[in-house]
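Dear colleague,

Please find below the structure we discussed passing on to you. My notes on the helix packing and the salt bridges follow.

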Amino acid sequence: MRGDPVRGHLDSLLLAALESGPKHGYAIITAVQERSGGALELRTGTTYPALNRLERAGLLASSWESVGERRRRCYELTDAGRAALAEERASWREFTAAIGSVLDPRPLPGAAT
């Protein structure tokens, strides 16, 4: 899935990918792709600006890491980022429950079918 299905959920996906610990940009993209079973493919042109925006908002912190002769920026959740992720998860559960009850309704107990 590209584009519209991910739009509006990108920040949550990035925060969730960083929950297990610091990662550099490409590792974050890979984590989202792996955790989605390959269904979600984030583009670097979308991901890096979002990471910068989340850092400016105080939800992420970053530092430079050297690997051999290469330097890469690593991102990690701040306490505010962990709180934001918890809020996003709660909102997501409410949203999916509401949508699920419309798309896949279950008969009410005692209701005639």
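The buried residues of helix α1 are covered by elements that include β1, α2, α3, β2 (60-67), β3 (70-77) and α4. Please bear in mind throughout that this is a predicted model. The residues concerned are L10, S12, L14, L15, A16 and A17. Because six of the eight residues of α1 are buried, the rest of the structure largely encloses this helix.

S12 deserves a separate remark. This serine belongs to helix α1, and its relative accessible area of 18% places S12 among the buried residues, because the cut-off is under 20%. Leaving aside residues up to four places away in sequence, S12 touches L85 and E88.

Packing of α1 against α4

The axes of α1 and α4 come within 10 Å and cross at roughly 120°. That angle makes α1 oblique to α4. The crossing of these two helices is left-handed. On the α1 side the contact involves S12, L15 and A16, which meet G81, A84, L85, E88 and R89 of α4. By character, the residues of this contact are four nonpolar, two polar and two charged. A general point on helices may help in reading such lists: an α-helix has 3.6 residues a turn, so residues three or four places apart point the same way.

Packing of α1 against α2

Here the axes are 9 Å apart, and α1 and α2 pack at an angle of about 100°. The two helices are therefore roughly perpendicular to each other. From α1 the contributing residues are L13, L14, A16 and A17, and from α2 they are I28, A31, V32 and R35. The contact of α1 with α2 comprises seven nonpolar residues, no polar ones and one charged.

Packing of α2 against α3

Helix α2 (residues 25-35) packs with α3 at an angle of about 115°, and their axes are 10 Å apart. This pair, too, is therefore roughly perpendicular. The crossing of α2 and α3 is right-handed. In the contact, G25, Y26, I28 and I29 of α2 meet T44, T47, Y48 and L51 of α3. The residues of this contact divide into five nonpolar and three polar, with no charged residue. I28 thus appears in the contact of α2 with α3 and also in the contact of α1 with α2.

The loop between α2 and α3 contains G37. With a relative accessibility of 70%, G37 counts as exposed, because the threshold for that class is over 50%. The C-alpha atoms of G37 and E55 are separated by 27 Å, the two residues being 18 residues apart along the chain.

Salt bridges

How many salt bridges does the model contain? The count comes to three.

One of them joins D11 and R53, with the closest N and O atoms 2.8 Å apart. This pair links distant parts of the chain, since D11 is in helix α1 (residues 10-17) and R53 is in helix α3 (residues 44-56), 42 residues apart. D11 is partly exposed at 27% relative accessibility, and R53 is likewise partly exposed at 37%.

Another salt bridge is formed by R89 with E19, where the closest N and O atoms are 2.7 Å apart. R89 lies in helix α4 (residues 79-103) and E19 in the loop between α1 and β1 (23-24), so this pair ties together parts that are 70 residues apart in sequence. R89 has a relative accessible area of 28% and is partly exposed. E19, at 36% relative accessibility, also counts as partly exposed. R89 takes part in the contact of α1 with α4 as well.

The side chains of E65 and R72 meet in a further salt bridge, at 3.2 Å from N to O. E65 is partly exposed, with a relative accessibility of 32%. R72 falls in the partly exposed class too, at 31%.

To recapitulate, helix α1 is largely enclosed, because six of its eight residues are buried. Helix α1 is oblique to α4 and roughly perpendicular to α2.

With kind regards

Conventions: Residues are numbered from 1 along each chain as its sequence is written. This is a predicted model: local features need pLDDT of at least 70, side-chain atom pairs count only at pLDDT 80 or more; totals for chains, interfaces and linings use all residues. Side-chain values use heavy atoms; hydrogens and water are left out. A salt bridge is a side-chain nitrogen of Lys or Arg within 4 Å of a carboxyl oxygen of Asp or Glu. Helices (H or I, at least four residues) and strands (E, at least two) are DSSP runs, numbered from the N terminus. Buried means under 20% relative accessible area, exposed over 50%, partly exposed in between (1.4 Å probe, protein chains only). Axes are lines fitted to C-alpha atoms, for helices over the stretch in contact, and angles run from 0 to 180 degrees between N-to-C directions. Angles under 35 degrees count as roughly parallel, over 145 as roughly antiparallel, 65 to 115 as roughly perpendicular and the rest as oblique. A crossing is left-handed if the near helix is turned anticlockwise from the far one by less than a right angle, and right-handed if clockwise. Contact means heavy atoms within 4.5 Å. Ala, Val, Leu, Ile, Met, Phe, Trp, Tyr, Cys and Pro count as nonpolar, Asp, Glu, Lys and Arg as charged, and the others, Gly among them, as polar.
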